[in-house]
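Please open the model in your viewer and keep the selection panel at hand. The stops below follow one another.

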Amino acid sequence: MTPPPAAAARLDRAPLPLPEKKSAARKAPARADRPFKGIALILASTIFLGTSDVTAKYLSATLPSIEITWIRFLTFALIMSPAMLPGSPLFALQTRRPGLQLLRGAALLGSSLFFISGLRFLPIAEASATGFVSPLFVTALSIIFLGEKVGLRRWIATAVGLLGVIILLRPGSGAFHPAAFFPIVSALAWACTLIMTRMMSGSERAVTIMSYSSIAGVCILSALVPFVWVAPTWHDIMFGIFIGVASTVGQWIVVLAFRYADASVLAPFSYTQLLWVSILGFLIFGELPDVWTVTGASFIVASGLYTAHRERVRHSQLLAVPAEPSPNA
């Protein structure tokens, strides 16, 4: 899956430990309050991410999902290869938590693989809208793994988002397809990826996390792809490389955007990805979102936006009264 940037809205709030002095030369650039630049970057990222998803759907007509994902992660690994070469000034494989790094990579792989599998059977707009439920899973998982408290209003927002999923998928109706569960599992895997990212933040560099994710994905998929291998044409290979490049560039632009604005500011604009995939889905596949898809997506987007809003309010209150416990957001 090409995950929604808005899903990270609740993961940039907890205080981070101070970096060690000896690693000062390698710390991330300081945050700058330039929201318009952040918004411009997040809008640009949705074009890359949406185009990557549409291309993956197009390629799924000729190649198995595992093979498409393998080409994507192989391209990802090649892009990250300078950070994997010992002696390189960009070498970034030193890590304190190799097990968690590889587990995160496996979760990211699962997110991509299940999403691409769903694209084979579902309209692109429906699959993408369903994938935007990942903030709802983050809400639940953060209680278990991060020890966060979630208030009544955010639980109501979560329920609204789940209602949107039900409206969009219409279980029990003739329009329901079992493959509709693939984007949901993909969203769950992406939420796990975000939780593990948060667990490592402050102690692991972003380039290290990305490098290990690419390594884990390539290793696992290389063991699976021989069982489903279909000889790709040069046409297929070029589209597969494009998917890897577009998704990697899109995610990197997201990282840059978060240097200039908070996630709660960027979240509303990340949903423009749904607009791009809907337009491209109509132009390329002749898919026009029906009223159920639009209605369900509206519930999901409204839930995500309200969650981001409550997180911003909660953060402001914590800054104003740092000694008080988290409010009932």
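Is Cys 192 buried, partly exposed or exposed? Select Cys 192, which counts as partly exposed because its relative accessibility is 27%, where buried means under 20% relative accessible area, exposed over 50% and partly exposed in between (1.4 Å probe, protein chains only). This is a predicted model, in which local features need pLDDT of at least 70 and side-chain atom pairs count only at pLDDT 80 or more, while totals for chains, interfaces and linings use all residues. Residues are numbered from 1 along each chain as its sequence is written, and side-chain values use heavy atoms, with hydrogens and water left out.

Move next to Cys 219, which is exposed because its relative accessible area is 53%. A search of the whole structure for disulfides, that is, pairs of cysteine sulfur atoms within 2.5 Å, finds 0.

Now select Arg 96, in the loop between α2 (65-80) and α3 (98-119); helices are DSSP runs (H or I, at least four residues), numbered from the N terminus. Arg 96 counts as exposed, at 58% relative accessibility. Add Met 200 to the selection: it lies 104 residues from Arg 96 in sequence, yet the C-alpha to C-alpha distance is 9.2 Å.

Finally, display α4 (residues 124-131) with α11 (residues 272-285), whose axes, 8 Å apart, make an angle of about 165°; axes are lines fitted to C-alpha atoms over the stretch in contact, and angles run from 0 to 180 degrees between N-to-C directions. The two helices, α4 and α11, are therefore roughly antiparallel, a term for angles over 145 degrees. Where they meet (heavy atoms within 4.5 Å), α4 contributes Ile 124, Ala 125, Ser 128 and Ala 129, and α11 contributes Leu 274, Val 277, Ser 278 and Gly 281.

Conventions. Parallel < 35°, antiparallel > 145°, perpendicular 65-115°, else oblique.
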